[in-house]
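Biologist: Got a minute to walk me through this one? I'd like to start with what sits in the middle.

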Amino acid sequence: MATEQQPTTKPVATQKRGKTTYKLYANGELWTTGKHGFRCGYVSNPENLDYAINNHEEEMRCLMAEARAEFGS
């Protein structure tokens, strides 16, 4: 299985939220940065970057709540 790699091109937009930095690339991929950065979605219109990040963060909160409910905190 191939490992996803963050694009090496210059991002079209960057936004920092708390300790997390998000980068949007020209191909529409939205990534978090850092040692354990990952692709967290696709954005069809850079004007929707805030909405996409909000949506991703809400999804992560829901997944964490489900994991805590199943395995304890």
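Modeller: Sure. One term before we start: a nonpolar core here is a set of buried Ala, Val, Leu, Ile, Met, Phe, Trp, Tyr and Cys residues joined through side-chain atoms within 4.5 Å. Also keep in mind that this is a predicted model.

Biologist: Okay, so which residues make up the largest nonpolar core?

Modeller: There are nine: Ala13, Tyr22, Leu24, Leu30, Cys40, Val43, Leu49, Ala52 and Ile53. Two elements, β2 (20-24) and α1, each give two or more residues to that core. The top contributor is α1, with three residues.

Biologist: Any general reason for such a cluster?

Modeller: Nonpolar side chains tend to be buried together in soluble globular proteins.

Biologist: What does cysteine 40 touch, leaving aside its neighbours within four places in sequence?

Modeller: Cysteine 40 is in contact with Tyr22, Leu30, Trp31, Thr32 and His56, once those sequence neighbours are set aside.

Biologist: Let's switch to the sheet. What's the strand order?

Modeller: β1-β2-β3-β4, four strands in an open sheet with antiparallel pairing. β1 and β4 are the edge strands, each pairing on one side only. From one strand to the next, the twist averages 20 degrees.

Biologist: And where does the helix go?

Modeller: α1 packs on the sheet and touches β1, β2, β3 and β4. The direction of α1 makes about 45 degrees with that of β1.

Biologist: Back to the strands for a sec. How many bridges join β1 to β2?

Modeller: Five, and the two strands run antiparallel. As one example, threonine 14 has lysine 23 in β2 as its bridge partner. The two strands make a hairpin with two residues between them, and glycine 18 in the turn has a positive phi of about 60 degrees.

Biologist: What about β2 and β3?

Modeller: Those two pair over three bridges, again in the antiparallel sense. Lysine 23 shows up here too, with tryptophan 31 as its bridge partner in β3. This hairpin has four residues between the strands, and glycine 28 in its turn has a positive phi of about 95 degrees.

Biologist: Now the helix itself. Which residues of α1 are buried?

Modeller: Leu49, Ala52, Ile53, His56 and Glu57 are buried in α1. The cover over the buried residues of α1 includes β1, β2, β3 and β4.

Biologist: Why does the length of α1 agree with what it should span?

Modeller: α1 has 23 residues, so at 1.5 Å a residue it should span 33 Å. That figure takes 1.5 Å times one less than the number of residues. The end C-alpha atoms of α1 are 33 Å apart, which agrees. Just after α1, glycine 72 takes a positive phi of about 85 degrees.

Biologist: Charges next. How many salt bridges does the structure hold?

Modeller: Four. One of them is between arginine 17 and glutamate 57, with the closest N and O atoms 3.3 Å apart. This pair links distant parts of the chain: arginine 17 belongs to strand β1 (residues 13-17) and glutamate 57 to helix α1 (residues 49-71), 40 residues apart.

Biologist: Is arginine 17 buried or exposed, or in between?

Modeller: In between: arginine 17 has 22% relative accessibility, so it counts as partly exposed. The buried cut-off is under 20%.

Biologist: And which residue does glutamate 29 bridge to?

Modeller: Arginine 39, with closest N and O atoms 3.4 Å apart. Here, too, distant parts of the chain are linked: glutamate 29 lies in strand β3 (residues 29-32), arginine 39 in strand β4 (residues 39-42), 10 residues apart. Glutamate 29 counts as buried because its relative accessibility is 11%, while arginine 39 is partly exposed at 28%.

Biologist: Anything within the helix?

Modeller: Yes, arginine 61 with glutamate 58, where the closest N and O atoms are 3.0 Å apart. They are three residues apart in α1, so about one helical turn separates them. Glutamate 58 has 37% relative accessibility, so it counts as partly exposed.

Biologist: Last one: which residues do salt bridges with shared partners join into one network?

Modeller: Arg17, Asp50 and Glu57.

Methods
Residues numbered from 1 in each chain as written. Predicted model: local features only at pLDDT ≥ 70, side-chain atom pairs only at ≥ 80, totals over all residues. Heavy atoms only, no water. Salt bridge = Lys/Arg side-chain N within 4 Å of Asp/Glu carboxyl O. Buried < 20%, exposed > 50% of the residue type's maximum accessible area, 1.4 Å probe, protein only. Contact = heavy atoms within 4.5 Å. Pairing = 2+ DSSP bridges. Axes fitted to C-alpha atoms, helices over the stretch in contact; angles between N-to-C directions.
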